[in-house]
Amino acid sequence: MKIVIDSNRIVAALLKDSTTRGILFNTNFNFIAPEFVKEEIKKHQQEFIDKAGISEREFDLLLTLIFESVTLIAKSEYAQLTDKLNTEMSDPKDVPYLACCIATHSKGIWSHDPHIGEQKKVKVFTNIDLLRLIRS
């Protein structure tokens with residue numbers, strides 16, 4: 001099942017071995033994300049290393065593993081939709097996730113961000129939703 005993953009879920013998986021990390025590595029899902037996500041995470045790398053209490057080498061390894069489970073989607077594949085979707089959410093930084101989801105015909109967006117939940121165009125999955133799908 002193809003699902004767009006919000007950067008906050010990737011960060012949660014980076015920071016600790018948790019339910020989020022387990023879901024991210026579950027082979028039942030094909031996670032995708034707008035390509036800018038990786039650069040955003042790298043921009044805040046030191047902050048995440050400090051929060052997670054890991055070395056730079058451990059961070060790089062974990063980030064590599066995570067992005068083996070997440071396919072990055074070029075902006076050119078969804079950019080044509082962003083202007084049309086700007087009114088769907090109050091936070092314009094979240095619009096690329098919605099545009100990416102629609103452009104790639106994904107089942108929804110995995111996020112705990114309330115701004116993404118404001119839109120009514122695609123389903124928003126939480127950890128609990130994805131755990132239920134795994135168990136069914």
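## Helix α7 and the residue that follows

Helices here are DSSP runs of H or I of at least four residues, numbered from the N terminus. On that footing, and in what is a predicted model, His105 takes a positive phi of about 55° just after α7. Most residues other than glycine have a negative phi. His105 has this positive value although it is not a glycine, and its place is in the loop between α7 (95-103) and β4 (108-110). With over 50% relative accessible area as the cut-off for exposed, His105 counts as exposed because its relative accessibility is 68%.

The helix before this loop is mostly covered, with seven of its nine residues buried. The buried residues of α7 are Val95, Pro96, Tyr97, Leu98, Ala99, Cys100 and Cys101.

## Helix α1 and its partners

Helix α1, which spans residues 7-15, is likewise mostly covered, since seven of its nine residues are buried. Those buried residues are Ser7, Arg9, Ile10, Val11, Ala12, Ala13 and Leu14. Several of the residues in α1 also appear in the two helix contacts described next.

Against helix α5 (residues 56-68), α1 packs at an angle of about 135°, with the two axes 10 Å apart. The two helices are therefore oblique to each other, and their crossing is right-handed. On the α1 side the contact is made by Ile10, Ala13 and Leu14, while α5 contributes Phe59, Leu62, Leu63, Ile66 and Phe67. Sorted by class, the residues of this contact between α1 and α5 are eight nonpolar, no polar and no charged.

Against helix α4, the axis of α1 comes within 9 Å and crosses at roughly 45°, an angle that makes α1 oblique to α4. Here Val11, Leu14 and Leu15 in α1 meet Phe48, Lys51 and Ala52 in α4. By class, this contact of α1 with α4 has five nonpolar residues, no polar ones and one charged residue. Leu14 thus belongs both to the contact with α5 and to the contact with α4.

## The two faces of helix α4

In helix α4 (residues 45-52), the buried residues are Gln45, Phe48 and Ile49. Seen down the axis of α4, these buried residues fall within an arc of 105°, so they line one face of the helix. What covers them includes α1, α3 (36-43) and α5. The face of α4 turned away from this buried side carries the exposed residues Asp50 and Lys51. Lys51 is also one of the α4 residues that meet α1. Just after α4, Gly53 takes a positive phi of about 65°.

The axes of α4 and α5 come within 10 Å and cross at roughly 105°, which makes α4 roughly perpendicular to α5. The contact is made by Gln45, Phe48 and Ile49 of α4 together with Glu56, Phe59 and Asp60 of α5. By class, this contact of α4 with α5 has three nonpolar residues, one polar residue and two charged residues. The three α4 residues in this contact, Gln45, Phe48 and Ile49, are also the ones named as buried in α4. On the α5 side, Phe59 takes part in the contact with α4 as well as in the contact with α1.

## Strand β3 and the loop after it

Val70 is found in strand β3 (residues 70-73). At 4% relative accessibility, and with under 20% as the cut-off for buried, Val70 counts as buried. Leaving aside residues up to four places away in sequence, Val70 touches Ile5, Leu24, Phe31, Ile32 and Ala33. The C-alpha atoms of Val70 and Asn127, which are 57 residues apart along the chain, are separated by 16 Å.

Lys75, by contrast, is found in the loop between β3 and α6 (79-85), and with a relative accessibility of 51% Lys75 counts as exposed. The C-alpha atoms of Lys75 and Asp6 are separated by 15 Å, the two residues being 69 residues apart along the chain.

Key:
Residues numbered from 1 in each chain as written. Predicted model: local features only at pLDDT ≥ 70, side-chain atom pairs only at ≥ 80, totals over all residues. Heavy atoms only, no water. Axes fitted to C-alpha atoms, helices over the stretch in contact; angles between N-to-C directions. Parallel < 35°, antiparallel > 145°, perpendicular 65-115°, else oblique. Left-handed = near helix turned anticlockwise from the far one by under 90°. Contact = heavy atoms within 4.5 Å. Nonpolar A, V, L, I, M, F, W, Y, C, P; charged D, E, K, R; others polar. Buried < 20%, exposed > 50% of the residue type's maximum accessible area, 1.4 Å probe, protein only. Arc of directions from axis to C-beta.
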